[in-house]
Amino acid sequence: GRVAAVVPAAGSGVRLGAGVPKAFVEVSGRTMLERAVAGLLASGAVDDVVAVVPGDRVAEAEELLAPLRSGDHLVVVTTGGAQRTDSVRNGLAVLTASLARSGTSVHDVVLVHDAARCLTPAAPILRVVEAVRSGEGAVVPVLPVIDTVKQVDAGGYVVGTPDRAALRAVQTPQGFAPDVLLAAYDAAGDVATDDAGLVERLGRRVATVAGDVLSFKITTASDHARALEEVRALEE
Ligand code: CTP
Ligand code: MG
C-alpha cells in the first residue's frame, strides 16, 4: 500500500505575525510549505501529499509544489477551513475522493503533518510509518517533557503536578490506519488540538515513537530565527 500525507497549511500565522499565512513564509529561501512537503517526499516513505492552504492561495501553492510532483508522487492542493480540524477534514475528503476514483483503497497509512514543522527529518517520519505498518492504528512522535508541568484551576491555582516522567510533548507527523483516522473525524463534533486526540475519544489505543528535536513547530518569531540557524547548520 501507499502512504498519504495530509499537510495542514491553512493557518494565518497570527503569532508569527509575518503579514502572510505562516506556511508561505520563507525559511532561508524556501517556504515552510515547500520544505514540509519536500521533507515528507524525501523521506522515501511518503507517496502522495494533500496540502491544505488558504482559499486564496491554492494557485500559489500549486506553483510552489509543482517541482515536487513526479510520476510516482501525487501532490494535490485544496482549501482549508477556520480551524485546523476543518483543514484536515477537507484534506481527508480530497484523499477519500481520489481513492474513490481509483476504485481501491491504495493507502495503508495516512499521516497528518503540520507545514509549520517544516524541518522534520526523515527518521521520525519513518518511525511513525513503520509503527502503523506493524499494526498500530494511531501513532504519535513524542519527546520527553523538560519543564515541570502543573495543572491549574480556572483561577490559576495549582491543583496538581503530574509525574513528569509519564508526560510527553507531541509532534507531527501523526500516523494512522486510514479507517481509524476517518472514523475519528466522522465522530468528531468539535475541534481537537491534535489528530490522535480524536482517536483517543473513540477509546482507541494511540502508540508513541521517538520524535526529533528538529520537528519543532515554528510558531513565533524566535522559532523562525531558530529554524534559520538550524538550516544554516544543516547546510554546513
Ligand atoms: N492550520 C490549518 N488550518 C487552520 C489553522 C491551522 O491548516 N485553520 C495549520 C497551520 O497552517 C499549521 C498547523 O495547522 O501548519 C499548526 O497550526 P499553528 O501552528 O497554530 O499555525 P497557525 O494557525 O497558522 O498559527 P497561529 O495559531 O499563530 O495563527
Ligand atoms: Mg493556530
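Start by selecting β1 (2-8) and strand β4 (residues 48-53). The two strands pair in the parallel sense over 5 bridges. Strands pair if DSSP finds at least two bridges between them. Helices (H or I, at least four residues) and strands (E, at least two) are DSSP runs, numbered from the N terminus.

Before moving on, know what is on screen: this is a predicted model, where local features need pLDDT of at least 70, side-chain atom pairs count only at pLDDT 80 or more, and totals for chains, interfaces and linings use all residues. Residues are numbered from 1 along each chain as its sequence is written, while chains are lettered from A and ligands numbered from 1 in the order in which they are written.

**Stop 1: β1 and its partners**

Zoom in on Val-6. Its bridge partner in β4 is Val-50. Now add β6 (residues 107-112). β1 and β6 run parallel, joined by 5 bridges. Pick out two of the pairs. Ala-4 has Val-110 as its bridge partner in β6, and Arg-2 has His-107.

Is β1 enclosed or open? Of its 7 residues, 6 are buried, so the rest of the structure largely encloses β1. A residue is buried if 20 or more other C-beta atoms lie within 10 Å of its own, exposed if 12 or fewer, and partly exposed in between; C-beta atoms are placed from the backbone.

**Stop 2: along β6**

Stay on β6. This strand is mostly covered, with 5 of its 6 residues buried. Next, show β11 (174-176). β6 and β11 run antiparallel, and 3 bridges join them. Select Leu-111 to find one pair: its bridge partner in β11 is Gly-175.

Now click Asp-108, also in β6. Asp-108 counts as partly exposed because it has 14 C-beta neighbours inside 10 Å. Draw a distance from its C-alpha to that of Ala-4. The gap is 8.3 Å, although the two residues are 104 residues apart along the chain.

**Stop 3: helix α1**

Select α1 (32-42), then Ala-36 within it. Ala-36 is buried because 27 other C-beta atoms lie within 10 Å. What does Ala-36 touch? Leaving out residues up to four places away in sequence, Ala-36 touches Val-7, His-113, Ala-115, Arg-117 and Cys-118. Contact here means that the two C-beta atoms, placed from the backbone, lie within 7 Å. Take His-113 from that list. Ala-36 and His-113 are 77 residues apart in sequence, yet 8.1 Å apart in space, C-alpha to C-alpha.

**Stop 4: helix α4**

Go to α4 (residues 122-133). This helix has 12 residues and reaches 16 Å from its first C-alpha to its last, close to the 16 Å expected at 1.5 Å a residue. The expected span is 1.5 Å times one less than the number of residues.

Colour Pro-124, Ile-125, Val-128, Val-129 and Val-132: these are buried. Look down the axis of α4. The buried residues fall within an arc of 135°, so they line one face of the helix. The arc is that of the directions from the helix axis to the C-beta atoms. An α-helix has 3.6 residues a turn, so residues three or four places apart point the same way.

What do those residues pack against? Their partners are β1, α1, β6, β7 (138-144), β11 and β12 (207-210). Then step just past α4 to Gly-135, which takes a positive phi of about 120°.

**Stop 5: helix α5**

Move to α5 (residues 178-187). Pro-178, Val-180, Leu-181 and Ala-184 are its buried residues. They fall within an arc of 170° seen down the axis, so they line one face of α5. Rotate to the face turned away from the buried side. There you meet the exposed residues Asp-179, Asp-186 and Ala-187.

**Stop 6: two loops**

Most residues other than glycine have a negative phi, and most peptide bonds are trans. Here are two places to check.

Find Pro-173 in the loop between β10 (168-170) and β11. The peptide bond from Thr-172 to Pro-173 is cis, with omega near 5°.

Then find Ser-28, in the loop between β2 (26-27) and β3 (30-31). Its phi is near 50°, a positive value in a residue other than glycine. Ser-28 counts as partly exposed because it has 13 C-beta neighbours inside 10 Å.

**Last stop: ligand 1**

Select ligand 1. Around it are 22 residues, and the closest are Pro-8, Gly-11, Val-14, Arg-15 and Ser-87. A residue is near a molecule if its C-beta atom, placed from the backbone, lies within 6 Å of it.
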